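Hello! Here is the structure I promised to pass on to you. Have a look through it first, and then read my notes below.

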Amino acid sequence: MTESLTPETAAEMPVATDISTGTNEKILLSVKDLRVWFELRRFGFGHAGYVHAVDGVSFDLYDGEAIAIVGESGCGKSSLMKTILGLNKITKGSIEFKGENLAGMNSSALHNYRSKVGYVQQDPYGAMAPFMTVSKILDEPLKINTRMNPAERLKRIEQALTEVKVTPVLDFLPKFPHMLSGGQQQRMVIARAMILDPQLMVADEPVSMLDASVRVEILKLLRALQERHKLAVIYITHDLSTVRYFSRRIFVMYAGQIIEKAKADDLLNNPKHPYTNALLTGTSEPDANNANSYKNVPPGEPPNLIKPPAGCRFHPRCPFIMKGLCDVEEPPNFHIEDEHEAACWLFK
Ligand code: SF4
């Protein structure tokens, strides 16, 4: 479990309501009833079922909008992210980028799509080839995806490093990843994600492996890049203490499904789904007075995704279960108000 922001670092960040969304209401990415199942095979027995990693996820992401996808480990958020990046096969449903279906793209269209999507990994050191210098790491995507000459590429690399504040640039170009601090490595990974001037950035737990003091700087940097470049961002995290500073909307995932969607402030101040309530109850506010406070979290573990429970997937842990309904019928998304939806029979 990673630490949340400290009181000092949290105080430096303005809340989500201060963020300009930059959205112009044009849909950039549309995910419809997406299902990603992984087949299980047992030695000598063959097919042994499917892991329902993503199971019926739908949402639209607008141009220039930052959203956060939040959930516990194993809820399917990383499988969803990898599918959006074009790395997992879609079992059912669709992902459209600017109206074009990912599943129908040939290899050149897919290559073009990937160049428009920047990816910031959780482990910055693991994300870079240890035998390549900073200069080579940033040069490679430019060589593969553009027709820039060496002087133009160097200029672009210098711009990218300056923008992520890895300076003086010339000192860093010949360095290898192990010669950089954790914060500098993450800035490098962000520079690489930005080097092709993407329209969408997928950031997978981008601060969870960093010290608390560096974490706030990286979040501020990501937000500055999002606003400056009118970037759409999908921020994947299990840490609710960081989402309020970054995203316009928050989607909560549980057992392969999105169970609640709302504007950031609305979700954090007025959660509806019992699971979201449980997640928020279990998140420490950055206040020293809360150090020994009792957390009333629901018992049990997330379900086995090979055989998810019938009906609402949260019903084995839910204190509000309505027998004969919640354990039988899967709740649809109920519209509550404005952009707030929850998949729970309490809001029928
Ligand atoms: Fe609880 Fe029923 Fe709502 Fe599921 S649908 S969260 S079991 S009340």
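**The four-stranded sheet**

Let's start with strand β1 (residues 27-42), which is joined by five bridges to strand β4 (residues 92-97), the two running antiparallel. Before you go further, please keep in mind that this is a predicted model.

You can follow the pairing of β1 and β4 residue by residue. V31 has I95 of β4 as its bridge partner, and L29 stands opposite F97 in β4. F97 also stands opposite E100, which belongs to β5. The pairing of β4 with β5 is antiparallel as well, over two bridges. These two strands form a hairpin with two residues between them, and there K98 takes a positive phi near 50 degrees.

Now put the pieces together: the four strands make an open sheet with the order β2-β1-β4-β5 and antiparallel pairing. Its edge strands are β2 (46-62) and β5 (100-101), each of which pairs on one side only. Across β1, β2 and β4 lies helix α2 (residues 77-84), running at about 70 degrees to β2.

**The eight-stranded sheet**

There is another open sheet to find, this one of eight strands. Its order is β6-β7-β8-β3-β9-β10-β12-β11, and the pairing is mixed. At the edges are β6 and β11 (334-337), each pairing on one side only. From one strand to the next, the twist averages 20 degrees.

At the β11 edge, three bridges join β11 to strand β12 (residues 340-342), and these strands run antiparallel. One pair to look for is H335 with its bridge partner E341 in β12. Helix α11 (residues 274-281) packs on this sheet, where it touches β3 (66-70), β9 (249-254) and β10 (257-263). The direction of α11 makes about 100 degrees with that of β9.

**The largest pocket**

Which residues lie nearest the centre of the largest pocket? They are R114, V117, Y119, P141 and R192, out of 23 residues that line the pocket. Its volume is about 610 Å³. The elements giving two or more residues to the lining are α3 (107-115), β6 (117-120), α4 (134-145) and α7 (182-194). Of these, α4 provides the largest share, with five residues. You met β6 above, as an edge strand of the eight-stranded sheet. By type, the pocket lining divides into 14 nonpolar, five polar and four charged residues.

**The cavities**

How many cavities of 30 Å³ or more does the structure hold? It holds three, and the largest cavity has about 100 Å³ of space. Of the 15 residues lining that cavity, C312, C318, C326, C344 and W345 are the closest to its centre. The lining of the largest cavity has 13 nonpolar residues, two polar ones and no charged ones, whereas the lining of the largest pocket includes four charged residues.

**How confident is the prediction?**

The protein chain averages a pLDDT of 88, and 88% of the residues score at least 70. Two stretches deserve some care when you look at them. Over residues 1-5 the pLDDT is below 50, and the model gives this stretch 16 contacts beyond near neighbours in sequence. Residues 14-23 also stay under 50, and for them the model has 28 contacts beyond four places in sequence.

Happy exploring, and write back whenever you like!

Conventions:
Residues are numbered from 1 along each chain as its sequence is written. This is a predicted model: local features need pLDDT of at least 70, side-chain atom pairs count only at pLDDT 80 or more; totals for chains, interfaces and linings use all residues. Side-chain values use heavy atoms; hydrogens and water are left out. On a 1 Å grid over the protein atoms alone, a cavity is a set of points where a 1.4 Å probe fits but cannot get out, and a pocket is an open set with protein on both sides within 12 Å along at least five of seven lines; lining residues have an atom within 4 Å of a point. Grid points are joined across faces, edges and corners, and a volume is the space filled by probe spheres set on the points. Ala, Val, Leu, Ile, Met, Phe, Trp, Tyr, Cys and Pro count as nonpolar, Asp, Glu, Lys and Arg as charged, and the others, Gly among them, as polar. Two strands pair if DSSP finds at least two bridges between them. Contact means heavy atoms within 4.5 Å. Axes are lines fitted to C-alpha atoms, for helices over the stretch in contact, and angles run from 0 to 180 degrees between N-to-C directions. pLDDT is the predictor's confidence in each residue, from 0 to 100.
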